[in-house]
Amino acid sequence: MSFVRCFKASKRPTSLPSNPFFIAPPHRPITITKMSEQKARVLIVGTGGVGTMSAYALQQGGKAEVTAVMRSNYEAVKANGVSIDSVQYGNGIKFRPTNICKAVPDVVKEDLPPFDFILVTTKNIPDVSPTVADIIAPAVTPGKTAIVLSQNGINIEKPIIPRFPTNPIISSVSFIGATTRSHCDILHDDPDDQKIGPFSSPEVPAQVAENAAKRYIDIYNPHGKLDLIYDADVRRCRWRKLLYNASYNPVSTILRMDTPRMRMSAHVIDDLIRPIMKEILAVARADGVTDFPDELVENVIRGDPLDTAFKPSMCQDVEKGNLFEVENIVGEPLREGEAKGVPMPTLRTVYGILKGLQLQVKESKGLWEPKFTADNPYQ
Ligand SMILES: CC(C)(CO)[C@@H](O)C(=O)[O-]
């Protein structure tokens, strides 16, 4: 991976090119089929922009039988499918996953064949239950199902490994730009670009995990047209992406600013973005990543194109009134750094502000009642 490569390849203009390899997806019956021939059975949990585009790619590739969990939009997708405007596949696509269901299927109770893969693209919000592990548990067959975590941040695998000790756990670090524009309407405006590799899990032989990661790449990208790369150094890959996510995501969330506007203010870059990136670089180095050069920070600062109003996912979430991913993007790197003796004053400040913002969202959703806990010293 080149360090000078822009973090985001480009934000495409809204007039999208026609797609040279688009094939209209078949509209099949909406049922959970119990048998598939040689196709890998893939369950997708989380059908926002990223999950929908993954479902589309997997189904198009012809090597996967896709089941998508659709909660709020089940009826609408069943009736009309999802509309997609895609920088890679073309505009005006109507898409239905092969199988859709309203809840994560229970493979034992429903007597379903095991899933080969569960792709998780939900927001990772371990500070609110149910957690990712709780959500996917009914669909996981021990020793069989590989769990693909396509989520930002570090240590996302930590709660998953002990819960599913015999299942391969795979990391997908995704750079796709895909958002839900409105109900059942997806804008895919930056190409599908993923780095995929196995998390190390003590009870899963390394070769089994590696094979699972490589098979996932094969079924997702059988024709080699997407930029899916096997990268065994998952930790390094995740620190690399965190340079951007731990800095631009929280600062844009606090300021409600897009990345070009943040760069137009030298204060925002000099006092917030660059100090956080340098703190993350220092933790990554303390964590054993030795080959990130100092210039990487300046490259990541300038990586986004300037002709957009792009706001990172965390800011988009908070603007929709949704819970956002504080812990794995900010809390975990902060704890890792402080435990290793790396000073992280800027990230610590930003973490405090985000925790307050998250509490506001929790209160608005009835998930937090404003009262003192017994251990609170400020009563
Ligand atoms: C930066 C990004 C768009 C890359 O896909 C995503 O990680 C985000 O917004 O958090």
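**Arg256.** I began with Arg256 in this predicted model, and I found the residue partly exposed, with a relative accessible area of 38%. I placed Arg256 in the loop between α7 (248–255) and α8 (259–264). I then looked up its backbone and noted a positive phi of about 55 degrees, although Arg256 is not a glycine.

**Asn155.** I next turned to Asn155, which also has a positive phi, here of about 65 degrees, without being a glycine. The loop that holds Asn155 runs between β7 (146–149) and α4 (160–163). Is Asn155 buried or exposed? I recorded a relative accessible area of 4% for Asn155, which is under the 20% cut-off, so I entered Asn155 as buried.

**Pro130.** I looked up the peptide bond from Ser129 to Pro130 and noted that this bond is cis, with omega near 0 degrees. Pro130 belongs to the loop between β6 (117–120) and α3 (132–136).

**Helix α6.** I checked the length of α6, which covers residues 234–245: at 1.5 Å a residue, its 12 residues should span 16 Å, and I found its end C-alpha atoms 16 Å apart, in agreement with that expectation. I then went through burial along the helix and found that 11 of the 12 residues are buried, so α6 is largely enclosed by the rest of the structure. Among the buried residues I listed Trp239, Leu242, Leu243 and Tyr244, and also the charged-group names Arg236, Arg238, Arg240 and Lys241.

**Cysteines.** How many disulfides does a search of the whole structure find? I noted zero. For Cys101, which is in no disulfide, I found that the nearest cysteine sulfur belongs to Cys184 and is 15 Å away; a disulfide would need the two sulfur atoms within 2.5 Å. I also recorded Cys101 as buried, with a relative accessible area of 6%, and Cys315 as buried too, at 0% relative accessibility.

**Confidence.** I closed with the predictor's own scores, and noted a mean pLDDT of 91 for the protein chain, with 90% of its residues at 70 or more. Over residues 1–36, however, the pLDDT is below 50, and I noted that this stretch has 94 contacts in the model beyond near neighbours in sequence. Where pLDDT is low, the predicted coordinates should not be read in detail, and I therefore left those contacts unexamined in these entries. For the complex I entered an ipTM of 0.96 and a pTM of 0.89, both given by the predictor.

Definitions and conventions: Residues numbered from 1 in each chain as written. Predicted model: local features only at pLDDT ≥ 70, side-chain atom pairs only at ≥ 80, totals over all residues. Heavy atoms only, no water. pLDDT = per-residue confidence, 0-100. Contact = heavy atoms within 4.5 Å. Helix = DSSP H or I, 4+ residues; strand = E, 2+ residues; numbered from the N terminus. Expected span 1.5 Å × (residues − 1). Buried < 20%, exposed > 50% of the residue type's maximum accessible area, 1.4 Å probe, protein only.
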